[in-house]
Amino acid sequence: GRCRLLCKPSALAQHLVRSLGRSVVLWGGHWLWPRWPRLQMLRQLLKPPEPEPAVARELLQMPDSGLVALDWLVGPRGAAGGGGGGPSPVLLLIPNAAGQVTGGLLQLGLRALERGFLPVIFNRRGHNGCPLTTPRLQPFGDPGDLREAVTYLRCRHPAAPLLAVSEGSGSGLLLAYLGESGSSSHLAAAACVSPIFRGRDWFEAGMPWLYEWPLLLNLKRGLSRYVGSLAEAVDVDGLLGSRSLRELEEALFCRTKSRPTSWEAYWEHNEPLRDADEAAVPVLCLCSTDDPVRGPPARSLPLELFRSSPYFFLLLTPGGGHCGFPRRGPGRCWGHEAVLEFFRAMAEFLGAEEQRKGLPWPR
């Protein structure tokens with residue numbers, strides 16, 4: 001259709017072009033509101049999937065006694081998805097940086113469940129009802145807790161391919177993990193839907209109030225439950241009085257009582273692409289040029305990364321808003337279909353390479 005794939009020429013890129021070119025979803029992926037990306041964003045944020053999936057929660061204890069939560073999707077009304085021959089791939093779903101599990105993310109999990117995946121949502125400390133047992137939250141681009149969760153999933157499903165998808169600002173965590181881990185990420189492939197590539201610029205530029213205020217209020221509501229434990233680490237009054245996501249981020253991670261740091265130093269350790277050259281896993285980044293949250297493409301898209309790295313692929317579309325990409329039909333998002341098609345194409349390519357070279361599919 002009107003999508004463009006920007007990447008470095010390679011055999012993997014050629015295979016992906018052929019696979020996406022044959023995909024019906026891209027040729028027929030028409031969005032309903034091409035001139036109103038903010039309405040698409042509202043629909044994606046507020047509309048829950050139908051029916052809403054049931055989840056089974058696991059709590060994982062981190063080395064410092066903190067907790068993260070893994071929510072396994074078990075299907076609508078408890079129905080389980082089927083699987084074909086071989087172990088079912090595990091699909092790790094990463095919500096946005098505010099921990100908001102949107103209807104779009106749940107819909108992607110349901111589509112994956114229907115196709116035989118094992119979808120599981122990663123919830124950071126204190127997010128989405130996960131207990132906060134230490135006076136510490138997870139910084140924007142600190143992949144430490146995600147690394148522990150991936151290690152656990154690999155031990156629990158040692159024979160299954162492990163995949164990951166992030167949504168919106170949550171992509172900062174996934175991109176940082178892929179860069180820091182390199183060839184030891186244990187992931188076979190990854191995808192980012194409407195990712196935020198440059199964290200500091202994103203916080204400093206600000207966002208449409210339609211997006212920023214709901215996220216800010218959602219974060220404050222969650223943090224207000226833990227004011228007692230957070231009081232020993234941060235200025236709670238300043239935290240709850242924040243009027244922007246930047247002020248909240250600074251109150252949580254820069255103006256701390258024990259180890260204060262500057263805004264510049266914070267981003268030296270938390271920029272999503274700080275180690276992008278070390279990534280060694282195929283990554284699809286699905287982006288729209290009219291994304292009102294990420295910002296103008298010329299400023300917010302690292303085009304040089306996609307031209308130079310053989311692992312990063314940018315699927316760029318002229319419309320779709322932020323994590324929207326709607327198509328005709330109830331609860332349908334053509335972006336989800338493109339992500340699942342990408343994973344299918346990667347499995348096909350890596351399976352062929354395994355037969356040709358006798359090498360195992362990286363897990």
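In this predicted model, helix α1 (residues 11-22) packs against helix α15 (residues 334-357) at an angle of about 135°, with the two axes 10 Å apart. That angle makes α1 oblique to α15, since an angle would have to be over 145 degrees to count as roughly antiparallel, and the crossing of the two helices is right-handed. On the α1 side the contact is formed by Ala11, Leu12, His15, Leu16, Ser19, Leu20 and Arg22, which meet Ala338, Glu341, Phe342, Arg344, Ala345, Met346, Glu348 and Phe349 of α15. By class, the residues of this contact divide into nine nonpolar, two polar and four charged. The spacing of such contact residues can be read against a general property of helices: an α-helix has 3.6 residues a turn, so residues three or four places apart point the same way.

A second helix pair is formed by α8 and α11, whose axes come within 10 Å and cross at roughly 30°. Because angles under 35 degrees count as roughly parallel, α8 is described as roughly parallel to α11. Here Glu212, Leu215, Leu216, Leu219 and Leu223 of α8 make the contact with Leu245, Leu248 and Leu252 of α11, and the class count for this contact is seven nonpolar, no polar and one charged.

Helix α11 (residues 245-253) also repays attention on its own, because seven of its nine residues are buried and it is therefore largely enclosed by the rest of the structure. The buried residues are Leu245, Leu248, Glu249, Glu250, Ala251, Leu252 and Phe253. What covers them includes α8 (209-223), together with α7 (199-205), α10 (236-240) and α12 (263-268).

Helix α4 is likewise mostly covered, with eleven of its twelve residues buried; these are Gly103, Gly104, Leu105, Leu106, Gln107, Leu108, Gly109, Leu110, Arg111, Ala112 and Leu113. The length of α4 (residues 103-114) can be checked as well: at 1.5 Å a residue its twelve residues should span 16 Å, and because its end C-alpha atoms are 16 Å apart, the two values agree. After α4 comes glycine 116, which has a positive phi, near 95°.

These helices belong to a protein with 15 helices and nine strands, in which 55% of the 363 residues count as buried. Among the contacts with a separation of 6 or more, 77% are accounted for by residues 24 or more positions apart.

How values were computed:
Residues numbered from 1 in each chain as written. Predicted model: local features only at pLDDT ≥ 70, side-chain atom pairs only at ≥ 80, totals over all residues. Heavy atoms only, no water. Buried < 20%, exposed > 50% of the residue type's maximum accessible area, 1.4 Å probe, protein only. Helix = DSSP H or I, 4+ residues; strand = E, 2+ residues; numbered from the N terminus. Contact = heavy atoms within 4.5 Å. Axes fitted to C-alpha atoms, helices over the stretch in contact; angles between N-to-C directions. Parallel < 35°, antiparallel > 145°, perpendicular 65-115°, else oblique. Left-handed = near helix turned anticlockwise from the far one by under 90°. Nonpolar A, V, L, I, M, F, W, Y, C, P; charged D, E, K, R; others polar. Expected span 1.5 Å × (residues − 1).
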